[in-house]
Amino acid sequence: MKLHIHDTLSGQKVEFKPNNPERVTLYVCGPTVYNYAHIGNARPVVVFDVLFRLLRHLYGEDHVVYARNITDVDDKINKKAMDEGVDISVITNRYADIYNADMAALNALPPTYQPRATDHMPDMVAMIEDLIERKAAYVTDDGEVLFRVADYDGGSGRYGKLAKRSLDDMIAGARVEVAENKDAAADFVLWKPSKPGEPVWPGPQDLPGRPGWHIECSAMSEAVLQLPIDIHGGGQDLIFPHHTNEIAQSCAAHGHSDPAAYARYWMHNGFLDFSGEKMSKSLGNVVLVHDLIKDYPGEVIRWALLSGHYRSPLNWTPELLEQSRNNLDKLYGLLRRAVDVPVVEVKGRGQYTYVNHQSLLEDLNTPGQISNIFFVANSLEKALGEKNLAVASDLKSNILEMGLVLGILQQDPEAWFKQGAGDDLTAQVEALIAARAVARAEKNWPEADRIRKELDALNIEVMDSAGGASWKVKATN
Ligand code: AMP
Ligand code: ZN
């Protein structure tokens with residue numbers, strides 16, 4: 001099974017070949033923790049969670065190392081801490097915990113490592129010292145350390161290779177602040193003095209201060225994964241300047257000229273849009289994951305995020321959530337009908353015992369993979385109708401295995417339909433359904449009808465079948 005991915009660095013769809021199949025490495029830029037994550041922020045988390053699951057499937061669970069950092073040094077964090085009059089760790093711990101809980105609700109597996117910038121200050125300082133020693137960086141009169149972009153580029157176009165732009169275009173387009181003490185407009189900050197009241201760390205060249213954002217990821221990724229990283233990911237907005245600068249620093253610190261010496265493949269997700277615009281905190285058009293999970297099962301939100309290809313824009317609407325819920329209801333309904341069908345090992349036996357991951361292997365085509373699941377589901381429905389247990393067993397096993405890599409369909413189908421009902425409501429509903437079964441057996445239709453209405457008032461839908469009645473909480477959104 002070959003995995004093909006669209007690599008931003010080469011600009012092509014290429015076959016993925018890990019540096020070491022025993023230790024496949026993935027790094028994804030994580031959140032800056034000063035606020036709640038919005039559903040756009042969750043898109044890279046869920047997309048790269050599917051990649052993580054697929055890599056684990058291909059190379060073995062113990063052979064994939066995934067790091068997603070926490071940016072816990074940042075101006076916005078400082079501001080929030082000052083506003084609340086607390087240490088930055090109070091803010092960063094609070095929002096990192098909320099972030100992890102929210103992402104877990106979307107069935108995102110915890111990454112192998114979740115490095116925090118504040119735990120890697122000595123790594124950053126050592127890297128900056130190396131850059132100064134190699135003359136790739138310089139200290140300004142104001143005590144800042146800046147990276148010398150033109151020297152790194154050397155006229156080779158290397159600096160703009162990821163973003164596919166020339167150095168001049170990038171300077172013009174990026175509204176780079178042209179500080180007086182900069183040798184050149186493109187030079188960016190590796191280290192700077194802290195303002196009064198801001199946190200401060202011992203720095204390179206005995207300059208106390210704080211790191212720039214880009215050096216944080218360069219230092220953390222190397223410390224936890226070692227170089228070269230196999231796949232580096234993030235949202236498209238990070239291609240320039242963040243990822244461009246990560247490559248420049250990490251290559252220059254080791255004297256490498258090939259950008260692939262830092263990360264061999266780069267993957268970037270498209271934006272999630274809301275009412276025609278990119279969802280972002282600065283535009284104020286955000287839907288928070290923390291709020292959404294109160295109204296929708298995490299699996300519905302996850303399905304919605306995976307319903308489009310990761311490189312395309314995804315338009316976020318209430319209808320998308322409803323369609324996602326309906327699709328999951330259909331598949332869980334089928335799995336409930338197949339509840340007594342045994343699950344078998346699906347690795348390479350017999351006519352049906354293969355798992356079709358083909359769409360995911362072609363640049364993580366999640367909508368294609370969802371279609372594949374429905375295709376197998378149709379066959380399962382037919383096999384159930386024909387009471388062909390052997391075939392049904394293979395097909396059900398395939399659906400569950402395909403669902404596992406997408407991070408869906410792993411719940412008990414009964415639990416799926418009953419979610420949202422607490423223990424008390426569940427007990428009440430079960431008692432009413434039992435009483436209704438007695439009324440029906442005694443052909444007491446008025447009583448059976450009365451009980452159904454009572455269930456209706458509790459927002460419970462009852463489905464009768466040959467095997468007895470089952471129920472679900474009706475959608476309220
Ligand atoms: P931030 O906290 O803004 O640095 O964003 C964290 C991650 O979310 C980055 O990988 C961003 O690229 C990604 N991201 C932010 N907004 C969106 C959006 N509207 N759609 C998709 N990804 C986004
Ligand atoms: Zn980063």
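Here is a short walk through this predicted model, from its domains to its zinc site and then to one threonine.

Let's start with the overall layout. The protein falls into three parts: domain 1 covers residues 4-269, domain 2 covers 292-415, and domain 3 covers 419-473. If you take the centres of domain 1 and domain 3 over their C-alpha atoms, they sit 55 Å apart.

Now turn to the zinc ion, ligand 2. Its protein donors are the SG atoms of Cys-29 and Cys-217 together with NE2 of His-242, at 2.0 to 2.2 Å from the metal. Read along the chain, these donors have the spacing C-x187-C-x24-H. Cys-29 belongs to the loop between strand E3 (24-28) and helix H1 (39-59), while His-242 is part of helix H8 (residues 239-254), so this pair ties together parts of the protein that are 213 residues apart in sequence. Cys-29 and His-242 are both buried.

Our last stop is Thr-71, which you will find in the loop between strand E4 (64-68) and helix H2 (75-84). Is Thr-71 buried or exposed? Its relative accessible area is 1%, and a residue counts as buried under 20%, so Thr-71 is buried. What surrounds Thr-71? Setting aside neighbours within four places in sequence, its contacts are Gly-30, Pro-31, Thr-32 and Val-33, along with Ile-77, Trp-213 and Glu-216. The side chain of Thr-71 also makes a polar contact of 3.1 Å with the side chain of Asn-69.

Terms used: Residues numbered from 1 in each chain as written. Chains lettered and ligands numbered in written order. Predicted model: local features only at pLDDT ≥ 70, side-chain atom pairs only at ≥ 80, totals over all residues. Heavy atoms only, no water. Domains from an automatic or database assignment. Donors = N, O, S within 2.8 Å, 3.2 Å for Na, K, Ca; no water. Helix = DSSP H or I, 4+ residues; strand = E, 2+ residues; numbered from the N terminus. Buried < 20%, exposed > 50% of the residue type's maximum accessible area, 1.4 Å probe, protein only. Polar contact = N/O pair within 3.5 Å; in protein donor to acceptor, adjacent residues only side chain to side chain. Contact = heavy atoms within 4.5 Å.
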